Amino acid sequence: MAASMVVADNEFIPPEPEPGFYKPLEKCGQKIGQEYGEIVMKAVLKDQDISKKCCVQLVHKMGRSCHEDLLWYLISQPKIGANATHVFTKGPQVYNSCVSKVGLEI
């Protein structure tokens with residue numbers, strides 16, 4: 001997953017602009033795993049539902065900081081950047097909804 005990470009629907013992120021550039025994002029992605037990561041991205045980008053099981057992974061394994069870092073990265077991508085307003089609105093909504101589903105305070 002080093003040079004190209006899967007975002008959603010098998011769309012790939014371009015090669016690193018410099019070695020190690022994606023390392024922090026990769027660590028965030030590894031915390032939640034590809035399967036759940038894709039579900040979260042579909043929830044953000046395509047308004048799809050997210051299960052409690054996936055929410056547990058997002059909230060307990062990945063955390064808010066990683067989620068926000070990945071949202072910032074997403075909007076920097078040309079294919080997604082045009083939807084920046086949607087990503088910045090929906091991203092926190094998805095996370096907060098997950099927090100509610102797993103019973104934690106926001």
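The protein exposes about 6200 Å² (Shrake-Rupley method, 1.4 Å probe; for residues, only the protein chains shown count as cover), and carbon and sulfur atoms supply 53% of that area. Before we start: this is a predicted model, where local features need pLDDT of at least 70, side-chain atom pairs count only at pLDDT 80 or more, and totals for chains, interfaces and linings use all residues. Numbering runs from 1 along each chain as its sequence is written, and side-chain values use heavy atoms, with hydrogens and water left out.

**Exercise 1.** Work out the fold pattern and how much of the protein is buried.

*Solution.* Start with the elements: 5 helices and 0 strands, taken as DSSP runs numbered from the N terminus (helices H or I, at least four residues; strands E, at least two). Read along the sequence, that gives α-α-α-α-α. Next, burial: 40% of the 106 residues count as buried, meaning under 20% relative accessible area (1.4 Å probe, protein chains only).

**Exercise 2.** Place Leu74 and say whether it is buried or exposed (over 50%).

*Solution.* First, find its element: Leu74 sits in helix α3, residues 52-75. Then check its relative accessible area, which is 3%, so Leu74 is buried. Finally, take Leu45: the two are 29 residues apart in sequence, yet 9.9 Å apart C-alpha to C-alpha.

**Exercise 3.** Do the same for Gln57, then list its contacts beyond four places in sequence.

*Solution.* Gln57 also belongs to helix α3. Gln57 counts as buried because its relative accessibility is 17%. Skipping neighbours within four places, Gln57 is in contact (heavy atoms within 4.5 Å) with Ile32, Tyr36 and Met62.
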